[in-house]
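Q: Please take a close look at the pockets and the enclosed space of this structure, and at the residues around them. I would like one connected account that I can follow with the model open beside me.

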Amino acid sequence: MSKRVRRGIMVFCAAVFLVSSWMLLRDLLRSSRERALNSALTQQVRQVREEVKAAAPSAADKSHVEEPPSPYAESGILRQYDPLWQENNDLSGWLWIEGTEIDYPVMYTPKRPEKYLRQNFYGKWAASGSLFIGEGSGPDAPLVMVYGHHMRDGSMFGQLDKYQSEEYAREHPIIHMDTLTEEREYEVVAAFRSRVYQVDEKGVFRYYRYDDLSDQEAFDRYLKGVRASALYDTGVEVRFGQRILVLSTCSYHTPNGRFVVVARQIEPEEIS
């Protein structure tokens, strides 16, 4: 091999190394910026949430308080979400799971369901995008379908697949999915791997194609598919009429793979 060829190979390898290093640094900086922005939003909401909680009278003090402070702003929206909603009316609520990094705003744009696929809360391009409610669903629908990217840095739904572990599910059984006007809790029913199916595939469970569960037959059929797909049995029972929450993200166990967590809304009387 001539010196010229060897020199050419060395120059090429050096160029590849420099480009790869630049791309890695670019991705790290991008990830850091996006995480910082989301963290600021989360801290803002958490602070107001704690202030509201601290101001609310305890059960023992309620009899001595003539008019307890309202958890709602003048707009009628929960105080912790009102400032963000004033800034962006696409905000539909907030999803958070205690003991995890999942703690984000949820966006809803029914005329453009995937508007926030690659946009942050402020409408700027972001690789991690935002959590958003999918087509045919809504914050008050019988089935609330929330999508999020499976980011390698663990942000968005990057840690959702930890629910593959039954032990993890038992340690994190509650998902908070608030609307702008109501704090809601959901209990994990099942977790499973799936994929996006071809139109002509038969006998498959398209968990993402059930727009309306107000019909009992459709509701029962959906729950049957969930139970059959589940990685483990949580023992959680679901009654017809209970709102269902579905969290969906990409999975790499198969082409067009998805990882899914299904939960049922906990009734107010069940919340201690």
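A: In this predicted model, the element that contributes most to the lining of the largest pocket is α1, which gives five residues. That pocket holds about 890 Å³ of space, and its lining is made up of 31 residues, with Arg49, Val52, Lys53, Ala56 and Glu183 lying nearest the centre. Two elements, α1 (3-55) and β5, each give two or more residues to this lining. Sorted by class, the lining of the largest pocket comprises 13 nonpolar, six polar and 12 charged residues.

Arg49, one of the residues nearest the centre of the largest pocket, also takes part in a contact with an aromatic ring, since its charge is placed over the face of Trp96 at 4.1 Å from the ring centre.

Strand β5, which covers residues 174-179, includes Thr179. The relative accessibility of Thr179 is 7%, and because buried means under 20%, Thr179 counts as buried. Leaving aside residues up to four places away in sequence, Thr179 touches Leu78, Tyr81, Ser92, Gly93, Pro139, Asp140 and Arg184.

The second largest pocket contains about 440 Å³ of space. Its lining is formed by 17 residues, and those nearest the centre are Glu114, Phe132, Tyr147, Ser248 and Arg258. Here strand β7, residues 244-251, gives the most, with three residues, while the lining of the second largest pocket divides by class into eight nonpolar, five polar and four charged residues.

Tyr147 leads on to the enclosed space, for besides lying near the centre of the second largest pocket it is among the residues that line the largest cavity. The structure has one cavity of 30 Å³ or more, and the space in the largest cavity comes to about 60 Å³. Around it are Gly134, Glu135, Gly136, Ser137, Leu143, Met145, Tyr147, Tyr208, Tyr210 and Asp211, a lining that divides into five nonpolar, three polar and two charged residues.

Tyr208 and Tyr210, both in the lining of the largest cavity, also belong to a cluster in which ring pairs link them with Phe192, Phe205, Tyr207 and Tyr222. In total the structure holds 11 aromatic pairs. One of them joins Phe192 and Tyr207 in an edge-to-face arrangement, with 5.9 Å from centre to centre and 80° between the planes. This pair links distant parts of the chain, as Phe192 lies in strand β6 (residues 185-195) and Tyr207 in the loop between β6 and α4 (216-229), 15 residues apart. Both Phe192 and Tyr207 are buried.

Another edge-to-face pair is formed by Phe219 and Phe240, whose ring centres are 5.4 Å apart and whose planes make an angle of 80°. Because Phe219 sits in helix α4 and Phe240 in the loop between α4 and β7, the pair ties together parts that are 21 residues apart in sequence. The accessibility of the two partners can be set side by side: Phe219 is buried, with a relative accessible area of 2%, whereas Phe240, with a relative accessible area of 38%, is partly exposed.

Key. Residues are numbered from 1 along each chain as its sequence is written. This is a predicted model: local features need pLDDT of at least 70, side-chain atom pairs count only at pLDDT 80 or more; totals for chains, interfaces and linings use all residues. Side-chain values use heavy atoms; hydrogens and water are left out. On a 1 Å grid over the protein atoms alone, a cavity is a set of points where a 1.4 Å probe fits but cannot get out, and a pocket is an open set with protein on both sides within 12 Å along at least five of seven lines; lining residues have an atom within 4 Å of a point. Grid points are joined across faces, edges and corners, and a volume is the space filled by probe spheres set on the points. Ala, Val, Leu, Ile, Met, Phe, Trp, Tyr, Cys and Pro count as nonpolar, Asp, Glu, Lys and Arg as charged, and the others, Gly among them, as polar. Helices (H or I, at least four residues) and strands (E, at least two) are DSSP runs, numbered from the N terminus. Buried means under 20% relative accessible area, exposed over 50%, partly exposed in between (1.4 Å probe, protein chains only). Contact means heavy atoms within 4.5 Å. Rings of Phe, Tyr and Trp (its six-membered ring) pair if their centres lie within 6.5 Å; planes under 30 degrees apart count as stacked, over 60 as edge-to-face and the rest as tilted. A charge sits over a ring if NZ of Lys or CZ of Arg is within 6 Å of the ring centre and within 35 degrees of the ring normal.
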